[in-house]
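This report concerns a predicted model. Please consult the sequence and the coordinates shown here alongside the text.

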Amino acid sequence: MTIIALYQAEHFEGVDRLWQMVFPSDPARNRASNAIPAKLALDDGLFWVALDRDEAVIGTIMAGWDGHRGWLYTVAVDPAHQRTGCGRMLVEHALEELRRRGCNKVNLQIRSGNEEVAEFYRTMGFTVEPRTSMGREL
């Protein structure tokens, strides 16, 4: 049985382990030690974990909402729990919370070439939009 819970400090080690496993080549700015304190500083209640029956972290999702668009970030599921519905539960939970707050459009980014993840999102109604994603480090 998987439950979705609001992130708490006691989940840090599990999230850190999961992100290192699922996102091994992410830059330092995306590591748990940097991303989690920044997210918690917003105090927006948009960071959840999926927990197994032993209360171990098996998945995560962060969402963002700026009043214009919603975003999904750090959707991660332990490989041992992929294809069990955990990822779908996390995404649906975040979408419902964004909808409840008035959000009517949600965006996300995946790395190009990651067709397995793209197909997962397609099954949830997401479509590829003709956009160019740009970024700049500060």
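The following account describes the sheet, its central pairings and the helices that pack on it.

The sheet is open and consists of 5 strands in the order β1-β2-β3-β4-β5, with mixed pairing. Strands β1 (3–6) and β5 (106–107) stand at the edges with a single partner strand each, so one side of each has no neighbour in the sheet. Helix α1 (residues 12–22) packs on the sheet and touches β2, β3 and β4; its direction makes about 90° with that of β3. Helix α3 (residues 86–100) also packs on the sheet, where it touches β1, β2, β3, β4 and β5. The direction of α3 makes about 160° with that of β4.

Strand β3 (residues 57–65) has 8 of its 9 residues buried, that is, under 20% relative accessible area, and is therefore largely enclosed by the rest of the structure. Strand β3 pairs with β2 (residues 47–51) and with β4 (residues 70–77), as summarised below.

| Strand pair | Sense | Bridges |
|---|---|---|
| β2 and β3 | antiparallel | 5 bridges |
| β3 and β4 | antiparallel | 6 bridges |

Individual residues place these pairings in register. Gly-59 of β3 is the bridge partner of Ala-50, and Gly-59 also stands opposite Val-77 in β4. Further along, Gly-64 has Trp-71 in β4 as its bridge partner.

Both pairs form hairpins. Between β2 and β3 there are 5 residues, and Glu-55 in this hairpin takes a positive phi near 65°. Between β3 and β4 there are 4 residues, and Gly-67 in the turn has a positive phi of about 90°.

Technical notes:
Residues are numbered from 1 along each chain as its sequence is written. This is a predicted model: local features need pLDDT of at least 70, side-chain atom pairs count only at pLDDT 80 or more; totals for chains, interfaces and linings use all residues. Side-chain values use heavy atoms; hydrogens and water are left out. Buried means under 20% relative accessible area, exposed over 50%, partly exposed in between (1.4 Å probe, protein chains only). Helices (H or I, at least four residues) and strands (E, at least two) are DSSP runs, numbered from the N terminus. Two strands pair if DSSP finds at least two bridges between them. Contact means heavy atoms within 4.5 Å. Axes are lines fitted to C-alpha atoms, for helices over the stretch in contact, and angles run from 0 to 180 degrees between N-to-C directions.
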